[in-house]
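Let's practise reading a protein structure together. Take your time with each exercise, and try it yourself before you look at the solution.

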Amino acid sequence: MINKQMYNKLNTKQNRRLLLKLYKSANTPAKMLALVLLVAAALVIMLLPNSRQLTGDFEAAFLDVGQGDSILICADDRTVLIDAGGLHGDPTVMAEQVVIPYIKSLGIEKLDLVVNTHPDNDHIGGLFAVLDDLQVDTLAMFDGYEDSRKQQQLLSLAEDENINVRSVAAGDVLEFSDNFKIEVLAPEYGDIFDDDHVNNGSLVLHISYQDFDMLTTGDLQGWEQDAAIRGLDCADIEVLQLPHHGSKNSYDEDWYAEFNPQAVIISCGIDNEYGHPGQNVVKYWQQEQVDIYRTDYQGSCRVIYKDGVLSFETAENAA
Ligand SMILES: [Zn+2]
């Protein structure tokens, strides 16, 4: 996708002069064709969402899918995708234009696990395109939503595609290697969430790789926030995805105070209609002097853990 920032970056006087010079020098049809192909190839490379090689032992990319969530995690040759965004009116467009091209640009041919945190459109919408287009081993979801039409649709697509389905809840641990595992912290088996409380039923995941720990929270809200971290050593969490796109309603000072992260991540769309993230949320973490990475301002954000060192890369600070 071309955003304004990227367009401005490409549309410099120098680049325009260079193209004009190349155009004038292409004085034969063969040279002209070569030039067209060259420019097309350059555009494809530049416009892919920051495609590049994986460089960390562990990488988690919080992808800029507008208003929604999508996180790709790669470690020890295993790949996990958590949600795939989903805009109103066009639920699969961000999966088709951002998530899937990003995965393919890394040369990844198979997703070991796809997780849907809960069946709201901005999380589940893009997964239909992902299951359609990519090879997926296992789909994991929580089975406790009263109205689960979307979930049922995704499950039947998984069946059509011969994808394994796993129902998960608190206490389940998914081990990918000696280093890399995902523990489900919430909801509990047997919990039921009605239409008005689907967010509370978000899967909360403690993702660990060697000594690195990260928490993803979906749209976790309300009383479930406390339950989700009971028993978790919150001080160990280096990267915390703030619940529910950092909404003002998810603000909970006592809950935040349990953590001492190096960075918090907010997945939300620029100028979104919900006003995410809340001013109160941003202010809290600024006052705590914790780095805030926002997909609306900084684009996709990569969390990279390599040789015991944690670093962050955004579309903004990428070379
Ligand atoms: Zn959401």
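Here are some exercises on this structure, each with a worked solution.

The model is predicted, so local features need pLDDT of at least 70 and side-chain atom pairs count only at pLDDT 80 or more, while totals for chains, interfaces and linings use all residues. Residues are numbered from 1 along each chain as its sequence is written.

**Exercise 1. Take stock of the chain.**
Find how many helices and strands the protein chain has, and what percentage of its residues count as buried.

Solution.
- Step 1: Start with the elements. Helices (H or I, at least four residues) and strands (E, at least two) are DSSP runs, numbered from the N terminus. The protein chain has eleven helices and 15 strands.
- Step 2: Now look at burial. A residue is buried if 20 or more other C-beta atoms lie within 10 Å of its own, exposed if 12 or fewer, and partly exposed in between, with C-beta atoms placed from the backbone. Of the 319 residues of the protein chain, 42% count as buried.
- Step 3: Finish with contacts. Two residues are in contact if their C-beta atoms, placed from the backbone, lie within 7 Å. Among contacts in the protein chain with a separation of 6 or more, 67% join residues 24 or more positions apart.

**Exercise 2. Check the length of a helix.**
Work out what span helix H4 should have, and compare it with the distance between its end C-alpha atoms.

Solution.
- Step 1: The expected span of a helix is 1.5 Å times one less than its number of residues.
- Step 2: H4 covers residues 93–105, so its 13 residues should span 18 Å.
- Step 3: The end C-alpha atoms of H4 are 17 Å apart, which agrees.
- Step 4: Follow the axis too. H4 bends by about 25° at Val-99, with Pro-101 following within four residues. The bend is the angle between axes fitted to the seven residues ending at a residue and the seven starting there.
- Step 5: After H4 comes Gly-107, which has a positive phi near 80°.

**Exercise 3. Look at what H4 packs against.**
Which residues of H4 are buried, and what covers them?

Solution.
- Step 1: Buried in H4 are Met-94, Ala-95, Val-98, Val-99, Ile-100, Tyr-102 and Ile-103.
- Step 2: Their cover includes strand S1 (58–62), strand S2 (71–75) and helix H6 (127–133).
- Step 3: Turn to the largest nonpolar core, a set of buried Ala, Val, Leu, Ile, Met, Phe, Trp, Tyr and Cys residues joined through C-beta atoms within 7 Å. Of its 73 residues, Leu-72, Val-99, Val-114 and Val-130 touch the most other members. The largest share of this core, seven residues, comes from H4.
- Step 4: Zoom in on Leu-72. Leaving aside residues up to four places away in sequence, Leu-72 touches Ala-61, Leu-63, Leu-81, Tyr-102 and Ile-103.

**Exercise 4. Trace the eight-stranded sheet.**
In what order do the eight strands lie, and which of them stand at the edges?

Solution.
- Step 1: The open sheet has the order S6-S5-S4-S3-S2-S1-S14-S15, with mixed pairing. Two strands pair if DSSP finds at least two bridges between them.
- Step 2: S6 (164–167) and S15 (309–314) are the edge strands; each has a single partner strand, so one side of each is left without a neighbour in the sheet.
- Step 3: Now go inward. S14 (residues 301–306) and S15 are antiparallel, with six bridges, and Val-303 has Phe-312 as its bridge partner in S15.
- Step 4: S1 and S14 are antiparallel over five bridges, with Glu-59 opposite Ile-304. S1 also runs antiparallel to S2, joined by five bridges.
- Step 5: S2 and S3 are antiparallel over five bridges. Their hairpin has two residues between the strands, and Asp-76 there takes a positive phi near 50°.
- Step 6: S3 and S4 (residues 110–115) are parallel over three bridges, and Val-80 stands opposite Leu-113 in S4.
- Step 7: Check burial in S3 (residues 78–82): four of its five residues are buried, so S3 is largely enclosed by the rest of the structure.

**Exercise 5. Classify one residue.**
Is Gln-152 buried or exposed?

Solution.
- Step 1: Locate Gln-152 in helix H7 (residues 149–160).
- Step 2: Gln-152 counts as exposed because it has 12 C-beta neighbours inside 10 Å.
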